[in-house]
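Student: Could you take me through one part of this model up close? I'd like to start from a single residue and work outwards from there.

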Amino acid sequence: MTQTVFIDGEAGTTGLQIRDRLAGRSDLEVVSIDPAKRKDPDARAELLNGVDAVILCLPDAASKEAVGMITSNSVRVIDASTAYRTASGWTYGFPEMAPDQRAAIAGSKRVSNPGCYPTGFIALTRPLVEEGVVPADWPITVNAISGYSGGGKGLIEEFESPTPGGTSDAFRTYGLTLQHKHVPEMQLHGGFDHPPLFAPSVGRYAQGMIVEVPLQLWALPSKPKPEDLRDALASAYRQEAFVEVASDEETKALQKARAGAGGFNAQLDPEALNGTNRMKLYVFGNPETGQARLVALLDNLGKGASGAAVQNLNLMLGLPEATGL
């Protein structure tokens, strides 16, 4: 039986990618509002309440408005904004986050799609907190770089416009107020007592990201070795189709690989998983210094946005989880 889906905000970056991922599926019908009635609240409310599932790809305020218009008890809602990621009554849409998370999503009527940066951060740190390798009260730091597509239409225009109307920056750091909107979900779903110190940045490329968590292993109470971190992550994601932990052999090969006289490692490409719903996790460690760098590689518009939304949609509608992914 074909089920219906309305993508509210289908013209935006995430909405377009979700629509592309759903195109051609025989088990779903994507419905759209008549362009002439786009600003008609009654027509919009009718559509929001008349489908099996709604995916909201809107700014926070607009998402809250849309949710307020949904009165049907049968409509399942996925919100891709930050509005409900720490809200009571909403299920966090990261199926791999915990053993019971997949079932919680499948049984929920309200699911908040995770942010792209938090997806990488939580994947790297939550298993370590749960295993007691990293204490919940540890002063954790996360550094990350994303393609400019994650910044919305304004940033996309700026980076894609020729100068002087655009920008010639190769790299731009931001979030300097230390109040980035992703921090609350990182803290809550990562299992930390205090807000992580988050240092995000954007690069001059459209899509893909690297999220990194550095750890001083010698300072941790449990004094873990790099292999302890890798084992904990591998155990957490052993059965997962979309989250992979790099092997010890692959990691060591990357550490030894050199490119050019400067000795720069060249294999960790932030664009490597673009167009997929995959995420790959690495543990780079140095036992002699007692240090490690945890790295997550993912597509900010894939596993960090549209791919995650489709994965959650499949679960909520009782469809095979990997369909269309």
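Tutor: Sure. Keep in mind that this is a predicted model. Let's start with Thr-91, which counts as buried because its relative accessibility is 14%, and the cut-off for buried is under 20%. You'll find Thr-91 in strand β5.

What does Thr-91 touch, once residues up to four places away in sequence are set aside? The list is Gln-101, Ala-104, Ile-105, Ser-108, Arg-110, Val-111 and Ser-112. Ser-108 deserves a second look, since the side chains of Thr-91 and Ser-108 make a polar contact at 3.1 Å. As for Ala-104, it sits 13 residues from Thr-91 along the chain, and their C-alpha atoms are 6.9 Å apart.

Now step back to the sheet. Six strands form an open sheet with parallel pairing, in the order β2-β1-β3-β4-β6-β5. Why do β2 (28-31) and β5 (91-92) each have one side without a neighbour in the sheet? They stand at the edges and each has a single partner strand, so there is nothing in the sheet on the other side. Helix α10 (residues 302-316) packs on this sheet, where it touches β1, β2, β3 (53-56), β4 (76-79) and β6 (110-112). The direction of α10 makes about 165° with that of β4.

Over at the β2 edge, β1 (residues 3-8) and β2 run parallel and are joined by four bridges. Within that pairing, Phe-6 has Val-31 of β2 as its bridge partner. Phe-6 turns up again among the contacts of Ile-33, together with Arg-38, Ala-43, Arg-44 and Leu-47, leaving aside neighbours within four places in sequence. Ile-33 lies in the loop between β2 and α2 (41-48), and it counts as buried because its relative accessible area is 13%.

Back to α10, which holds Asn-312. Is Asn-312 buried or exposed? It counts as buried, because its relative accessibility is 0%. The side chain of Asn-312 reaches the backbone oxygen of Gly-93 at 3.0 Å. Beyond four places in sequence, Asn-312 touches Ile-78, Gly-93, Pro-95, Ile-105, Val-111, Asn-113 and Pro-114. Two of those names should look familiar: Ile-105 and Val-111 are also on the contact list of Thr-91.

Helix α10 also leads us to the largest pocket, which holds about 860 Å³ of space. Of the 35 residues lining this pocket, Thr-14, Gly-150, Gly-151, Gly-152 and Lys-181 are the closest to its centre. The elements giving two or more residues to the lining are α1 (13-22), α5 (116-130), β7 (141-147), α6 (152-160) and α10. The largest share, three residues, comes from α6.

From the pocket, follow β7 to its partner. Seven bridges join β7 to β9, and the two strands run parallel. One pair to pick out is Ser-146, which stands opposite Val-202 in β9. Strand β9 (residues 197-203) is mostly covered, with five of its seven residues buried. Strand β8 (residues 171-173) pairs with β9 as well, this time in the antiparallel sense over three bridges. There, Phe-171 stands opposite Gly-203 in β9.

Definitions and conventions
Residues numbered from 1 in each chain as written. Predicted model: local features only at pLDDT ≥ 70, side-chain atom pairs only at ≥ 80, totals over all residues. Heavy atoms only, no water. Pairing = 2+ DSSP bridges. Contact = heavy atoms within 4.5 Å. Axes fitted to C-alpha atoms, helices over the stretch in contact; angles between N-to-C directions. Buried < 20%, exposed > 50% of the residue type's maximum accessible area, 1.4 Å probe, protein only. Polar contact = N/O pair within 3.5 Å; in protein donor to acceptor, adjacent residues only side chain to side chain. 1 Å grid on protein atoms, 1.4 Å probe; cavity = no way out; pocket = protein on both sides within 12 Å on 5 of 7 lines; lining within 4 Å. Points joined across faces, edges and corners; volume = space filled by probe spheres on them.
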